[in-house]
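Take a look at the structure below. We will walk through it one part at a time, starting with strands and ending with the two chains together.

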Protein chains: 2
Amino acid sequence: MLQPSVCASKGDEYMSRFWNQRTASLTPYVAGEQPLPGQKVIKLNTNENPYPPSPAIGKHIKDFDPSKLRLYPELTSRTLREAIADFYGVRPGQVFCGNGSDEVLAFSFQAFFETKEGARPIFFPDITYSFYPVYANLYAIPVEKIPLNEDFTIPVDEFCRPSGGVAISNPNAPTTLALPLADIKKILESQPDRLVLIDQAYAAFGAESCVCLLPDHPNLLVIGTLSKSHSLAGLRVGYAIASEEIIEGLQRVRDSFNSYPVDTLALELATLSVRDKNWYEENTRRIISTRETTVKRLTNIGFTVLDSRANFLFVKPDGIPAGELYKKLRAAGILVRYFDKSRIRDYLRITIGTDEEMDILITAIQTIISDKSAAESPYTVGTITKIDEVTT
Amino acid sequence: MLQPSVCASKGDEYMSRFWNQRTASLTPYVAGEQPLPGQKVIKLNTNENPYPPSPAIGKHIKDFDPSKLRLYPELTSRTLREAIADFYGVRPGQVFCGNGSDEVLAFSFQAFFETKEGARPIFFPDITYSFYPVYANLYAIPVEKIPLNEDFTIPVDEFCRPSGGVAISNPNAPTTLALPLADIKKILESQPDRLVLIDQAYAAFGAESCVCLLPDHPNLLVIGTLSKSHSLAGLRVGYAIASEEIIEGLQRVRDSFNSYPVDTLALELATLSVRDKNWYEENTRRIISTRETTVKRLTNIGFTVLDSRANFLFVKPDGIPAGELYKKLRAAGILVRYFDKSRIRDYLRITIGTDEEMDILITAIQTIISDKSAAESPYTVGTITKIDEVTT
């Protein structure tokens, strides 16, 4: 039998003598919990799109010739880059595709931000996508976290000071607030020799895209994903849009890591999905409409709801602490995301689901607040306690 | 219009003021060339499997419900890890899955080999998979390249000296020669506190798997891929097998980089493929049989052919320089791989295709050697000169 050779323990974790120094010092990202197969839950915790992807995908899968899989994928993701370029009105050479926007973000942190001794720190908000500090730690990039204002807006002037680069999610996660183009332009102009990364994972749901700023700002790198806007979280396709020279930097890192990050099926399905603009427009309109209705209903029951430009809400409950509401919703089979972190532990992040799912959510919240037990909820799932096991 | 802001040029390449120091210093891996869509070529240059994958895959694709793609993939690739664990007779916790074995190799170099000042260099052969030096450069890992013996065998004792770790491809690429288990055991025992990475990308075609050494050697990390042995190069699925503590090291790096590297479709299709052991055995038998016939035929026309345990051959032509034969085969629509590098520039790497493809290859070689022009080859493709354009 294999004996684990544990050399040191640190809280619940163990370290191995085979890990290098950096691996031992990592604090990995923790993704939202996933239900086990067969568990019926309302999943409003990882900002997935509640609707199936473009019907063009289902048709193409049925006709797909599996013998194609014996060959490596097309090396440059050409068809997908062309589709994304058409979508945004840029050149295909300005587009880079990767295995989800997480990979594209990781490549970007690795390719552009300096790790050397004495390098200026990069800036990102203290409250933002929690993968940014993880990337910075992985690549030993110095960081200065800029505190958001009291109302969770971004203090734009703070991002205009000399830096090693900037990373901003727009709209920001989990706060849902978006920066106007003029503010992004101001940041871009304040540091023409530093890369400014704008992560538009959720921009389809109401933020202004800053791709139009590219012609005048060679220091801009825009990151996008098909996970939310195209209902393709399971396919792992993300992209970057920038000047050709920045895109070449990403290609150099990719070709030093994994030549073919986008598989053949993902490439073909993603291309069709991006080309189906009608589906995209109808889908985002539908989600925005559900969001606006949900905002009204939550406001009516006294919740504070930030002005969302995303497919999720950031809300402060009334009459019950956020952590308690999170647990009670969970016991009732409704998953939302709760961050037990300074400044945001009074808030919940709630993904916009279907109208029906939001009805069930609101009813459950009202039931919980009026102090009925969660067991009486119309949507109780017996096995829900097991989901802890699959949380990493 | 966007103006590229080139700050320095270096031969054919340009560098950007937005790239960091390391990005500018990278020498990326160059994958084998890919024909353009519609080009009819015989592709013996990237060690792909000439046969379609398990028929279970085609069936599953047809029945796949595309609405599943709206959700993130299962976080731990559980079903696939279970299938691989069953295949090798290990526990699922000993298996890690990634986006092709290139990604798994990159994570391994990053997780286990030290980059700090004064760290002992890792060892790998001077002639081996050319991604190893690329990874080492990407992660600033000190390296000592150990020269292969004159006959391209691995000088085992040299790998038993104090090191920062070891990486060996077994069978080795492009030399096709395999180390016996006893030699791997000797290396493992010589440095019990250093990680020994054995890359078994091609082991299915005749090398002994060293997974059986795991119970006694916690410093062993075995890497595998479905690209060749399972005809799934286009799906991008690779894996690692090791002790749980080493696997946890890989998980930490993955979760600091990209939480979901294996997409939902790849996960399901790869699982079915690994479970179809009959297909696997029949397919590898068939390729080995074609290989042995091809070895005899090439030996008969005077070529030196190394003792291959892989799905490709490493051959020294007779009567024509390797580089010239490579070019003439290419002009005749047959792609093989040529490395214009010290020690191996007299050799060609030739993937084992179908029996029919090998017939065409041998006929073309005979035609070329008997000094007929390539234009008279029975398999000339007019547009072949265009493939240069897609070589990165």
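**Strands, core and contact**

Strand β12 (residues 312–316) of chain A is joined to β14(A) by 4 bridges, and the two run antiparallel. One pair of partners shows this: A:F312 stands opposite A:T351 in β14(A). Keep in mind that this is a predicted model.

Now widen the view. The open sheet here has 3 strands, in the order β11-β12-β14 of chain A, with antiparallel pairing. β11 (304–305) and β14 (348–351) of chain A are at the edges. Each has a single partner strand, so one side of each has no neighbour in the sheet.

Next, move to strand β9 (residues 220–225) of chain A. Is β9 enclosed or open? Of its 6 residues, 6 are buried, so this strand is largely enclosed by the rest of the structure. Its residues point two ways. A:L220, A:V222 and A:G224 point one way, while A:L221, A:I223 and A:T225 point the other way. All of them are buried.

What pairs with β9? Strand β8 (residues 196–199) of chain A runs parallel to β9(A), and 4 bridges join them. Here A:V196 has A:L220 as its bridge partner. Strand β10 (residues 238–241) of chain A also pairs with β9(A), over 4 bridges, but in the antiparallel sense. In that pairing, A:I223 stands opposite A:A240.

Stay with A:A240. The largest nonpolar core has 246 residues, and A:A240 and B:A240 are those with the most contacts inside it. Which residues does A:A240 meet? Leaving aside neighbours within four places in sequence, its contacts include A:F96, A:V104, A:S108 and A:L250. A:L221, A:V222 and A:I223 are also among them. Those three residues belong to β9(A).

Now cross to chain B. B:H230 is in the loop between β9 (220–225) and β10 (238–241) of chain B. Is B:H230 buried or exposed? It counts as buried, because it has 27 C-beta neighbours inside 10 Å. Not counting residues up to four places away in sequence, B:H230 touches B:P53, B:S273, B:V274 and B:Y280.

Next come the two chains together. How many residues does each chain give to the contact? Chain B gives 84 residues and chain A gives 84 residues. On chain B, the elements that each supply at least two of these residues include β2 (13–16), α4 (100–112) and α8 (264–275). The side of chain B that touches chain A divides into 44 nonpolar, 23 polar and 17 charged residues.

How do the copies relate? A turn of 180 degrees, with a shift of 0.0 Å along the axis, lays chain B on chain A with an RMSD of 0.0 Å. That is the relation of a two-fold axis. In chain B, the C-alpha nearest the axis belongs to B:K62, 2.3 Å from it. The same surface serves both copies, as 100% of the contact residues of chain B recur in chain A.

Finally, how confident is the predictor? Chain A has a mean pLDDT of 91, and 91% of its residues reach 70 or more. Over residues 1–12 of chain A, however, the pLDDT is below 50. It also stays under 50 over residues 372–376 of chain A. Where pLDDT is low, the predicted coordinates should not be read in detail. For the complex, the predictor gives an ipTM of 0.91 and a pTM of 0.92.

Key:
Residues are numbered from 1 along each chain as its sequence is written. Chains are lettered from A and ligands numbered from 1 in the order in which they are written. This is a predicted model: local features need pLDDT of at least 70, side-chain atom pairs count only at pLDDT 80 or more; totals for chains, interfaces and linings use all residues. Two residues are in contact if their C-beta atoms, placed from the backbone, lie within 7 Å. Ala, Val, Leu, Ile, Met, Phe, Trp, Tyr, Cys and Pro count as nonpolar, Asp, Glu, Lys and Arg as charged, and the others, Gly among them, as polar. A nonpolar core is a set of buried Ala, Val, Leu, Ile, Met, Phe, Trp, Tyr and Cys residues joined through C-beta atoms within 7 Å. A residue is buried if 20 or more other C-beta atoms lie within 10 Å of its own, exposed if 12 or fewer, and partly exposed in between; C-beta atoms are placed from the backbone. Copies are superposed by least squares on the C-alpha atoms of residues with pLDDT of at least 70 in both. pLDDT is the predictor's confidence in each residue, from 0 to 100. Two strands pair if DSSP finds at least two bridges between them.
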